[in-house]
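These notebook entries record what I looked up in one structure. I began with a cysteine and then turned to the fold and to single residues.

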Amino acid sequence: MAATTCHFSVPGAPVPKGRPRFDRRGRVYTPKRTRAYEEHVAWCAVAARAKVIEGPVSLELDVTFGRAGQADLDNVAKAVADALHGVCYANDRQIKRLLAQELLPDKTNPRVDVRVEEIKWN
């Protein structure tokens, strides 16, 4: 049986995961910009007909910023991983292999190319 795989692109400038914020009552919330980007990523996965994988997964990201040094690669990876929770996998704890790489900047086509694949985990 073939492994479940989902591959899609997220157009637009990659957005790093923002630091948690606190409201006046001390409750923690995610910044609006981060929430909006995570929703965008999730919709791109849904449009690519992603299916929820139950077992361990590999997450590969090719990140293309609009200019060099635009954001921290690890924070972009965290935003994408969180966005795919419940869309490509039941929980981001299922990620057993993570590969994120920054490609050369492209002002005309910033994006994140995403590949989620079910893996065998012994």
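**Entry 1: cysteines**

Is Cys-44 buried or exposed? I looked up its relative accessible area, which is 14%, so Cys-44 counts as buried. The model is a predicted one, and I read every value below with that in mind.

I next asked why Cys-44 forms no bond with the closest cysteine sulfur. That sulfur belongs to Cys-6 and lies 11 Å from the sulfur of Cys-44, which is too far for a bond. I then searched the whole structure for disulfides and found zero. Cys-88 is likewise in no disulfide, its nearest cysteine sulfur, that of Cys-6, being 4.5 Å away. The cut-off for a disulfide is 2.5 Å between the sulfur atoms, so a separation of 4.5 Å does not qualify. I also noted the burial of Cys-88: its relative accessible area is 1%, and it is therefore buried.

**Entry 2: overall fold**

I listed the secondary structure and obtained two helices and six strands. Along the sequence, I read their order as β-β-β-α-β-α-β-β.

For the overall dimensions, I took the box filled by the C-alpha atoms along the principal axes, roughly 50 × 40 × 25 Å. I then compared the radius of gyration with the expectation for a compact globule of 122 residues: the protein has 15 Å and the expected value is near 14 Å, so the two agree.

I looked up the surface as well. The accessible area of the protein is about 7,700 Å², and carbon and sulfur atoms account for 50% of it. Buried residues make up 34% of the 122 residues. For contacts between residues at least 6 apart in sequence, I found that 83% join residues at least 24 apart.

**Entry 3: nonpolar core**

In soluble globular proteins, nonpolar side chains tend to be buried together. I therefore looked for the largest nonpolar core of this protein, and it has 31 residues. Leu-84 and Val-114 have the most contacts inside this core. The elements that give two or more residues to the core are strand S1 (5-11), helix H1 (32-47), S4, helix H2 (73-83) and S6. The largest share, six residues, comes from H2.

Which residues does Val-114 touch, beyond those up to four places away in sequence? I recorded Cys-6, His-7, Phe-8, Val-10, Leu-59, Glu-60, Leu-61, Val-80 and Leu-84.

**Entry 4: Ser-58**

I located Ser-58 in strand S4, which spans residues 57-64. With a relative accessible area of 3%, Ser-58 is buried. What does its side chain meet in a polar contact? I found the side chain of Arg-97, at 2.9 Å. Setting aside neighbours within four places in sequence, I listed the contacts of Ser-58 as Arg-97, Arg-115, Val-116, Glu-117 and Ile-119.

**Entry 5: Trp-121**

I placed Trp-121 in the segment after strand S6 (111-118). Is Trp-121 buried or exposed? Its relative accessible area is 53%; the threshold for exposed is over 50%, so Trp-121 is exposed. Apart from neighbours within four places in sequence, I found Trp-121 in contact with Pro-56 and Lys-96. I also took one C-alpha separation: Trp-121 and Ala-42 are 79 residues apart along the chain, and their C-alpha atoms are separated by 25 Å.

Technical notes:
Residues are numbered from 1 along each chain as its sequence is written. This is a predicted model: local features need pLDDT of at least 70, side-chain atom pairs count only at pLDDT 80 or more; totals for chains, interfaces and linings use all residues. Side-chain values use heavy atoms; hydrogens and water are left out. Helices (H or I, at least four residues) and strands (E, at least two) are DSSP runs, numbered from the N terminus. Buried means under 20% relative accessible area, exposed over 50%, partly exposed in between (1.4 Å probe, protein chains only). A polar contact is a pair of N or O atoms within 3.5 Å; within protein, one must be able to donate a hydrogen and the other to accept it, and residues adjacent in sequence count only if both atoms are side-chain atoms. Contact means heavy atoms within 4.5 Å. The radius of gyration is taken over C-alpha atoms; the globule rule is 2.2 Å times the number of residues to the power 0.38. Accessible areas come from the Shrake-Rupley method with a 1.4 Å probe; for residues, only the protein chains shown count as cover. A nonpolar core is a set of buried Ala, Val, Leu, Ile, Met, Phe, Trp, Tyr and Cys residues joined through side-chain atoms within 4.5 Å.
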